[in-house]
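Trainee: Please choose a single part of this structure and take me through it closely. After that, I would like to see how the rest of the chain is arranged around it.

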Amino acid sequence: MSDMNSLSRRTLLGASLGVASLPFVPGLARADDGARCAAAGRSDVPPVAGPTRKLTIAWNQSAICTAAVPVAKAKGFFARYNLDVDYVNFAGATDQLLEALSTGKADGAPGMALRWLKPLQQGFDVKLVAGLHAGCMYLLAPPDGGIRQLTDLRGKTVGVTDIGGPDRNFFGIRLKEAGVDPESDVQWRQYPADLLPVALQRGEVQAITDGDPFSYLQKRQFGLVEIDSNMHGEWAHIACCVIGLRGSLIRNEPTVAMAVTRAILEAGAWLACNPEEAGQIFKPYAAHASAEDLAQMIRVQGHHHQTLGSSFRDDIVRYADALKQIGVFRPSLDTSRYAQRVTQDLFAA
């Protein structure tokens, strides 16, 4: 298998009308009319032999970025590979999730790379096997608050839902890239997701960060403007959410590991090209969003972008290098060695 690098959806949409003539790239799922959608990697992964294999996937059912999980069941992608998958809604701490995977209480999970990478240093028997998609975190501010770009946040306070969360880390990285020290130049304050706009209105914070569906709905309801997101620049080409599997599954049943990974990737590619139906499938998990809202979220997120093998390891190295810059990882960490340790190329020849 050769590694496929994907193009940013916003790059595609923002390019000239000549984009329609771009050739199809294997591994790039596109929603353009007449274009074919395909998951990254090999298309010849066989179904699991023998009786239907039961698996458990842990996921955060409130996050639209994990929509590939219910889509994979609803559209028969799991069944195609002779898999019977149960879901466990998991919204606890990341180290608890990784412990559940390590001990076999769950077989796999989608999750945000920036939430998993630090806890994985503890040595959990979990491997990251694929980048599922790019883009789903946003930095928002009121239109009349004087915040127009990242450098305007110097001396300001930003509201987050988790001081150690992926959006806090990502926008810390982005501030560092812009020449703003995320520790000394900016204050961070934690709130429940539904109170972030209230904190803005009270003047307790000048900007907020979160992911969809909350960011999309809050942006519209409160008239907020997008200052930054991980669908800008090089980050639009780097996996945001990843697929992790328990190490014992990979070692003892590699064909099962390949099958479940391939099924989720195929579901992710399908939903990128079928946002309306995917929104309908995800609607039971999003009480405050309409199916049309969910479809629009899917359109602007990077669900076409999937990475495997060396390309995926490069994504992990890029994140780890950035986390060193903001003090999450120690400066001496060998990021290439770290990425090699926490990832697994299931589809290598």
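Mentor: A residue is called buried when its relative accessible area is under 20%, exposed when it is over 50%, and partly exposed in between, as found with a 1.4 Å probe on protein chains only. This is a predicted model, in which local features need pLDDT of at least 70 and side-chain atom pairs count only at pLDDT 80 or more, while totals for chains, interfaces and linings use all residues. Residues are numbered from 1 along each chain as its sequence is written, and side-chain values use heavy atoms, with hydrogens and water left out.

The protein has 349 residues, of which 54% are buried, and its secondary structure comes to 14 helices and 10 strands (DSSP runs numbered from the N terminus, helices being H or I of at least four residues and strands E of at least two). The part I choose is helix α6, which runs over residues 166-177. With 12 residues at 1.5 Å a residue (the expected span being 1.5 Å times one less than the number of residues), α6 should span 16 Å, and its end C-alpha atoms are indeed 16 Å apart. Because 10 of its 12 residues are buried, α6 is largely enclosed by the rest of the structure; the buried ones are P166, D167, R168, N169, F170, F171, G172, I173, R174 and L175. Just after the helix, G179 takes a positive phi of about 90°.

Two residues show what surrounds α6. G172, which is found in this helix, is buried with a relative accessible area of 0%. Not counting residues up to four places away in sequence, G172 touches P182, W188 and I326 (contact meaning heavy atoms within 4.5 Å). P182 is 10 residues from G172 in sequence, with 5.1 Å between their C-alpha atoms.

The second residue is F170. The whole structure holds 8 aromatic pairs, where rings of Phe, Tyr and Trp (its six-membered ring) pair if their centres lie within 6.5 Å, with planes under 30 degrees apart counted as stacked, over 60 as edge-to-face and the rest as tilted. One of these pairs is F170 with W235, edge-to-face at 5.4 Å centre to centre and 90° between the planes. Because F170 lies in α6 and W235 in the loop between β9 (225-229) and β10 (241-246), the pair ties together parts that are 65 residues apart in sequence. F170 and W235 are both buried.

L175, another buried residue of α6, leads to L153. Leaving aside neighbours within four places in sequence, L153 is in contact with L139, I147, V158, L175, D185, V186 and A207. L153 also belongs to the largest nonpolar core (buried Ala, Val, Leu, Ile, Met, Phe, Trp, Tyr and Cys residues joined through side-chain atoms within 4.5 Å). This core has 53 residues, and those with the most contacts inside it are W116, L128, L153 and Y338. Helix α13 (residues 309-325) gives the largest share, 7 residues. Because domain 1 (53-136 + 237-342) and domain 2 (137-229) both contribute residues, the core lies between them; these bounds come from an automatic or database domain assignment. Apart from it lies another core, of 49 residues, among them L245, V256, F282 and F347.

Turning to the cysteines, the whole structure has 1 disulfide (a pair of cysteine sulfur atoms within 2.5 Å). It joins C37 to C273 with an S to S distance of 1.5 Å, and at -100° about the S-S bond the link is left-handed. Because C37 lies in the loop between α1 (9-14) and β1 (53-59) and C273 in helix α10 (residues 254-273), the pair ties together parts that are 236 residues apart in sequence. C37 itself is partly exposed, with a relative accessible area of 28%. C136, by contrast, is in no disulfide, and the nearest cysteine sulfur, that of C240, is 3.4 Å away; C136 is buried, at 3%.

Links across the sequence also appear in the totals, since 77% of the contacts between residues at least 6 apart in sequence join residues at least 24 apart.
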